[in-house]
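New to this one? Take a look at the structure below, then read on for a quick tour of how two parts of a chain meet.

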Amino acid sequence: MTETRGTGRAFVFGNNIDTDLLAPGHLMKLSAEDLAQHCLEAIAPDFAKSVQPGDFVVAGKNFGLGSSREQAAISLRLLGVGAVIAPSFARIFYRNALNLGLPALFCEEAYRIADGDQLMVDPVLGKITNKTRSETLSCKPIPDHLMAMVRAGGLIAHLKSRRGT
Amino acid sequence: MSETSRPQLVSSGQTLAQKLLARASGKPRVEPGEIILVQVDLAMAHDSSGPRRWKPHLDSLGATLWDPSRIVIVSDHYVPAVDGESAAILKLTRDFAKEHRVGHFFDMEGICHAILPQKGLLRPGIFVAGGDSHTPHAGAFGCYAAGFGATDMLGIVVTGQTWTIVPETIRIEITGSLGPMVSAKDVMLVLCRELGMDNAFKAIEYGGPGVESMSMDERMVLSNMAAELGGEVGLIAADEVTLGHIRAHGGSATEADLAWKPDPNATYERIISINLSDLEPQIALPHSPANSFPINHALGSPIHQAYIGACVGAKLQDLHMAAQILKGQRIAKDVRLLVAPASSQVTADAAADGTLSTLLAAGATLLPSGCGACAGMGAGLLAAGEVCISTTNRNFKGRMGHAEAFVYLASPYTVAASALTGCVSDPTKFLPELAVAQ
Ligand code: SF4
């Protein structure tokens, strides 16, 4: 069970962060853990090293466009990213993220968050508190039934826990 | 290109997406925004997204496949094996297909999206769930075909069902006819620029006389690259051309399948009109399909590699387009032209009709059928600083090899013309020579 409300630092990226940036195709044979170390390296070489469990990825429009590869969401999750916050997401990435236990939050005002800001994020209430700037942004809350899955750590973990295995 | 929005009617007709989703959900009618449970007719996955990702979970859940006869597995991403890891992935896929008696397994026969229509597996009206983002490709056959990630697909192959949100539809109304050396790829590069790639949770519906005049190979380009627009599906209503293609490939289709078309008074989120007669060759510059311009914008930029490959850009007609330019010519000295036909059937057909010898005589290197360099996995990857012009559908940073490589996207005509000169070239400029040669 993952705690879903959390505090962490914002890593800010631009529009159209694609799945080749998140999980480069030519490295897809690596283990999930090794692949995660290359997440976003083409645009932020130090990201995998500096991101700490509970930190947030904040981005512009259409986050996660491109391939259907789940490694894009898995890599962020393995690096401990607490949630991805963006005004819009590519459809397959959005489904994948929730299926894998990574909260993806639609936030129109994500652009108000700057790199390094300290955020407190509550996906159930749909509230993002920017402690650095003392302001609160709203995001689309994740509905209960999906949040139960996210909390369990994703669809498979959720199915297993419901089967009691 | 122009844009109009239609007035909302009180009792409006339905888009093709609404009709297909009503069928899949067993409801008389569905409305945009509704969350529905749908029954899947065909579930497709490949060697990268399928068995290797499902197997551990299927084993630990003690689950089996809902209906092996409705499951298609295609090994296309890691083919042919180039090292121990890819060999192991392919072996796991083969073993899985055998163990689970997967109804349709195609091992190294071509790219999944090319395989579905080639094997006659598509039929207007059905819901196709694919473990690949270009699954909308099959929408050219009037199917509701959408891409899903591996975990969603796992749920689908175990239960035969999934959920979706009924999308609003963007209608692309296409008129006119394509001039020489212009193709459906150029239409899509214009649309990526004009509509952008941020149309998630939307259906794209193509129609009009311009679409009806296109071959199935060209219609598939429109549907395939609905994925670049961010759309859930890229739908084209079936007509006699569709039915003819399905029958010629051993599938079943009847006149009743022609009923899968939008109502004339359907409500669209917006309608975009394109006149093919005004279209000129386009090119997308690195690192996004939306970064596209008329070809004039990039003329003369030097290239190192020309790549004719992928589900979108290496069908038989794509090879014909390239051959039209390359016939009797020789590619530039410092350029490599790589051709990876979309399926082994395409290779055989191109060999039979002489296209292959035209390409080889021009200096092309023939590669195995599969995703290859398009997926960043197979032959034809790029080094730092190298520039490639490609018939593929995506040019994201790092996709075809090194993160510091540069990929231009264009039609097979433009890629072939550029291979001849060694720099980005306008294929329409090759018309006079062709006329003289003939
Ligand atoms: S050819 Fe490219 S775009 Fe098509 S399925 Fe393969 S990797 Fe995807």
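What follows is a short briefing on the two domains of chain B and the interface they share.

Keep in mind that this is a predicted model. Chain B is assigned a domain 1, covering 1-279, and a domain 2, covering 282-437. Measure from one C-alpha centre to the other and you get 25 Å.

**How much of the two domains meets**
- On the domain 1 side of chain B, 37 residues are in contact with domain 2, which brings 42 residues of its own.
- Put together, domain 1 and domain 2 of chain B bury about 3,100 Å² between them.
- Carbon and sulfur atoms account for 64% of that buried area.

**Polar links across the interface**
- Between domain 1 and domain 2 of chain B, 18 residue pairs are in polar contact, counting pairs with both residues at pLDDT 80 or more.
- There's also 1 salt bridge across this interface.
- A salt bridge joins the side chains of R394(B) and E228(B), at 2.8 Å from N to O.

**The domain 1 side, up close**
- Three helices of chain B each give two or more residues to the side of domain 1 that touches domain 2: α4 (112-118), α6 (184-195) and α8 (216-224).
- The largest share comes from α6(B), with 6 residues.
- Sort that side of domain 1 of chain B by class and you find 18 nonpolar, 11 polar and 8 charged residues.

Key
Residues are numbered from 1 along each chain as its sequence is written. Chains are lettered from A and ligands numbered from 1 in the order in which they are written. This is a predicted model: local features need pLDDT of at least 70, side-chain atom pairs count only at pLDDT 80 or more; totals for chains, interfaces and linings use all residues. Side-chain values use heavy atoms; hydrogens and water are left out. Domain bounds come from an automatic or database domain assignment. Contact means heavy atoms within 4.5 Å. Buried area is the accessible area (1.4 Å probe) that two parts lose on being put together, summed over both. A salt bridge is a side-chain nitrogen of Lys or Arg within 4 Å of a carboxyl oxygen of Asp or Glu. A polar contact is a pair of N or O atoms within 3.5 Å; within protein, one must be able to donate a hydrogen and the other to accept it, and residues adjacent in sequence count only if both atoms are side-chain atoms. Helices (H or I, at least four residues) and strands (E, at least two) are DSSP runs, numbered from the N terminus. Ala, Val, Leu, Ile, Met, Phe, Trp, Tyr, Cys and Pro count as nonpolar, Asp, Glu, Lys and Arg as charged, and the others, Gly among them, as polar.
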